[in-house]
Amino acid sequence: MSRRRLPLFAALLASASAFAATALLSSPAAAAPKDAGARMVVEAKEMVYDEKKNSVTARGQVQIFYKGRLLEADRVVYDRNTSRVFAEGNAKLTETNGTIARAERFDLTDDFKQGFIESLQVDSADNTHFSSPRAERADDITTFLMGSYTACEACKDDLSKPRTWQLKAKRIIHDNAEKMIYYEDASFELLGQPIAYVPFWSSADPSVKRKSGFLTPVFTFRSQLGAGFGVPYFWAISPDADLTITPTVFTRQGPYLTGEFRKRFENGALSIQAEGTHVGDPGAFAPAPLGARDKEWRGAVHTQGEFSLNDRWRAGWDIAALSDRFFLQDYKQFNFLLQNYYFRESSSTIYLQGQGPRSFFDMRGYYFQVLSPNDVQAQQPIVHPVTDYNRVFDIDPAKTAGIGGQVEVDANVTSTSADVANYESINPRTLDSVYGLYNVCSLYARANDPSKSNCLLRGIGGAYQHATASANWKRKIIDPIGGVWTPFAFARFVGSYLDYDREGRFPIYNQFWQPIPNANQGQFLDGLDQRFRGQATPGFGAEWRYPILARAPFGNIIVEPIAQIVARPNQTSIPSLVNMDAQSLVFDDANLFEWSKFSGYDRFETGTRVNYGGQATMTLAGGGYVNAMVGQSSQIAGANSYSTADAANVGLNSGLNSRVSDIVGRFAFAPNPYLSFIAKGRFDKTDLNAKRIDLFGTLNLDPITLQLQYANYASQPAIGFDIRRQGLSATGRYDITKNYFLNGTVTFDMSRYLYNSLTQQPALYTNLTGINLIGTAPLFSVAALGAGVGYHDECTTLSLNYSEIYQPQSYTGLPARNQSVMVSLSFRTLGEARFNYGLGSALVNDGVRNAGATSTLR
């Protein structure tokens, strides 16, 4: 045998007729040239050319770069006769996508595309793993004999410990061109134990984000639907569009079909989701008006979209249409619109929005569809549209004779309409005499003394347009002794047009309708002949703050007294007499120093008011803080806006409706990143009785996370809250280990027992449903409850959750605690299996008796 050592360049040039090669002899640390992807570049400590065998052998930390691939080994032999490359000893092949294949021995063609591999271990760039005692590579297809696949990492502390899960098969075929993986005679192992066998299985390549095919089946059970089984099919129409269709069959109801289409564009995206069914057993649902027993076809359509018109403007929509208000409740077991028993509605909107560096524009229309049996659809306003504009300007003092400061311009135009006036009974709350569902009231003495009225007008039956434009100027000035002065001035212009219906009388429900007379709106609206109304309100004032800094060993303390005066003409605060967007009024520390404490544009403060208070903040050395604030407001001239009742009595019982207001305060304590506590309150000015208390607390002390919230609000009979409202909620999570956790949430309605008198249903209702409510609610009535346990690691997520929320019972329509269990098991890259089981619903009152039934739990 003739052996001689040659420069690698000469050896490969003589032997590689199939491809051009360039060889470099250098140290192992030498790097490949930038154009190495188009040539073969070899690095090794020693090269040997065997003329007799017509082969080239590279030894010692061999690295071969070719077309983006890197082959590394202790020894590599290139056979000229067969054009094959043999690599052994710590052999490793790195693909262009980052996948690394380790083997005892590689037997490959000279382009690395075909060959045989012994004791193969493949680790992909997305942390998935293949292994096989022998594998075959043929271009884009790799076949693993007696192979295994997993997305789980090996235990670092004990490599012999089985991975969380893995798929083992007689043959695993990985088709890189088709981006699919096929398994033949496969078994699924969990913690090293086989738990399932399939003769054939296929899944998308882990690198694939979207691929047509069947998805993981979904299992569900609810008493009114029966057992359900659905198999989604995903169709990747194009790189920017897809369609998912899910046919579902139920044992008690008719077939159910869901489809979702999604598409992306260069400047936005849209989605359309449609679902529908033919009801198989209408008797599973409550009769109208408590349910949809009379509906044969039911369904929903939901579409969303948003498009960027340019770098500042965008337009979009979020529209939902339902066949009936009970569809989501009956067919969609988990839906965020149904989580709150008291406020449930589906809103649709179309919008145009623009934003500049210091300006904002938003125009949108709204349509609301009620989801509760207690609401009347005809009373819901249609907004067409509401438009907001805001812009801030800085004023250069040099160009304004030293005035300077900042100018803000704000505008709002709102147009609404509704078919039926929305009345609400107060003092006391009264429900309709037929079903006990609808809030109705008798109208009397409204015009003479609104504060003694037993009825509110929450919404106009008819058309209402309202426009507001305002501009304000302010500037911050620091005086020689450190006081901070902020003088300000503003002007506000309001115009409105009211065209309410005077003739319509709408029944509540079919032949049992108690009519809602639109003409009675006149008792709430003064000056019926004047449909157009307008008002201009100028104003000015100043705010003063004097921060005082004190240093202490435990931290810095800043004490800051604050005083503010706002002067406006003594004019009505309700120029339109209608209040549609300012019905939420909460007087607390957040709006104490606002120029107007009303929440919307329909109401605005008038007269002269002084706001005063102070706050102190202590910054602790470790980064924590303590903050306290207290303040009060006084009307010193002109009529008090908050004691002047509008159609909804907003302002009364607010704590601002006397010359000197209640006292508001705040205390916040966060000594470290793990603990925080905030208390906010409003207290009677004479005896300091609490009128409103809000408490918030969080604890983030690994492995425990806890959040608590408590609220206690005094009654406000003038605006419809005739009893005290009180509630408590808690949310927590406990990480048992790195992988196992517990979580839970509970909300208590601590005022429900005060409504026991309202749970007595009319005799007609009892005759229709066979149910008579005679019980009482406890002090700690559970409004929502959830508990769960789970496991999570890099490849597996398992969760078991119990849920209990308030919803009307499907087959009676009565308020009930609907109970369900959801199990979710997700294996990364393989898919997710979900099972929803409805345990039934228990009526909220312990003393409920169901005629002809042995239990109220179904």
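The exercises below work through a predicted model of a protein chain, each with a solution in steps.

**Exercise 1. Overall make-up and confidence**

Describe the secondary structure, the burial, the contacts and the confidence of the protein chain.

*Solution.* Begin with the secondary structure, which comes to three helices and 51 strands. Next take burial: of the 858 residues of the protein chain, 45% count as buried, and the accessible surface comes to about 41500 Å², with 58% of that area belonging to carbon and sulfur atoms. Then turn to the contacts between residues at least 6 apart in sequence, of which 54% join residues at least 24 apart. Finally, consider confidence, where the mean pLDDT is 84 and 85% of the residues reach 70 or more. Two stretches call for caution: over residues 1-37 the pLDDT is below 50, although this stretch has 77 contacts in the model beyond near neighbours in sequence, and over residues 846-858 the pLDDT is likewise below 50, with 33 contacts in the model counted in that way.

**Exercise 2. The disulfide**

Identify the cysteines that form a disulfide, and work out which parts of the chain the pair ties together.

*Solution.* The first step is the distance between sulfur atoms, for which the cut-off is 2.5 Å. Cys152 and Cys795 have their sulfur atoms 2.0 Å apart and form a disulfide, and the count for the model comes to one disulfide. The second step places the two partners: Cys152 lies in the loop between β10 (141-150) and β11 (165-175), while Cys795 lies in the loop between β47 (781-792) and β48 (796-808), so the pair ties together parts that are 643 residues apart in sequence. The third step is the handedness, which follows from the torsion about the S-S bond; this torsion is about 90°, so the disulfide of Cys152 and Cys795 is right-handed. The last step is exposure, where Cys152 is buried with a relative accessible area of 0%, and Cys795 is also buried, with a relative accessible area of 2%. Another cysteine, Cys155, counts as partly exposed at 25% relative accessibility.

**Exercise 3. A nonpolar surface patch**

Determine which elements give two or more residues to the nonpolar patch, and which gives the most.

*Solution.* Start from the members, which are Ile704, Leu706, Leu708, Tyr734, Ile736, Tyr740, Leu742, Val789 and Leu800, together making a nonpolar surface patch of about 740 Å². Sorting them by element shows that β43 (704-713) and β45 (740-749) are those that give two or more residues, and that β43 gives the most, with three residues. As a check on one member, Tyr740 lies in strand β45 and has a relative accessible area of 45%; because membership requires over 30%, Tyr740 meets the accessibility condition.

**Exercise 4. The surroundings of Ser119**

Establish where Ser119 lies and which residues Ser119 is in contact with, leaving aside its neighbours within four places in sequence.

*Solution.* Ser119 belongs to strand β8, residues 114-123, and is partly exposed, with a relative accessible area of 36%. Leaving aside neighbours within four places in sequence, the contacts of Ser119 are with Arg102, Ala103, Glu104, Ser132, Pro133 and Arg134. For a distance in the model, take Arg105, which is 14 residues from Ser119 in sequence and 7.4 Å away in space, C-alpha to C-alpha.

**Exercise 5. Backbone geometry**

Locate the cis peptide bonds that precede Pro289 and Pro385, and describe Asn54 and Lys179, which have a positive phi.

*Solution.* First consider omega. Ala288 and Pro289 are joined by a cis peptide bond with omega of about 5°, and Pro289 is found in the loop between β20 (268-278) and β21 (297-308). From His384 to Pro385 the peptide bond is also cis, with omega near -15°, but Pro385 has its place in a strand, β25 (residues 382-394). Then consider phi. Asn54, a residue other than glycine, has phi near 55°; it is found in the loop between β3 (46-50) and β4 (55-66) and is buried, with a relative accessible area of 13%. Lys179, likewise not a glycine, has a positive phi of about 60°; Lys179 lies in the loop between β11 and β12 (180-190) and is partly exposed, with a relative accessible area of 33%.

Notes. Residues numbered from 1 in each chain as written. Predicted model: local features only at pLDDT ≥ 70, side-chain atom pairs only at ≥ 80, totals over all residues. Heavy atoms only, no water. Patch = residues over 30% accessible without salt bridge, like charges linked within 9 Å, V, L, I, M, F, W, Y side chains within 5 Å. Areas by Shrake-Rupley, 256 points an atom, 1.4 Å probe, with all protein chains shown as cover. Salt bridge = Lys/Arg side-chain N within 4 Å of Asp/Glu carboxyl O. Buried < 20%, exposed > 50% of the residue type's maximum accessible area, 1.4 Å probe, protein only. Contact = heavy atoms within 4.5 Å. pLDDT = per-residue confidence, 0-100.
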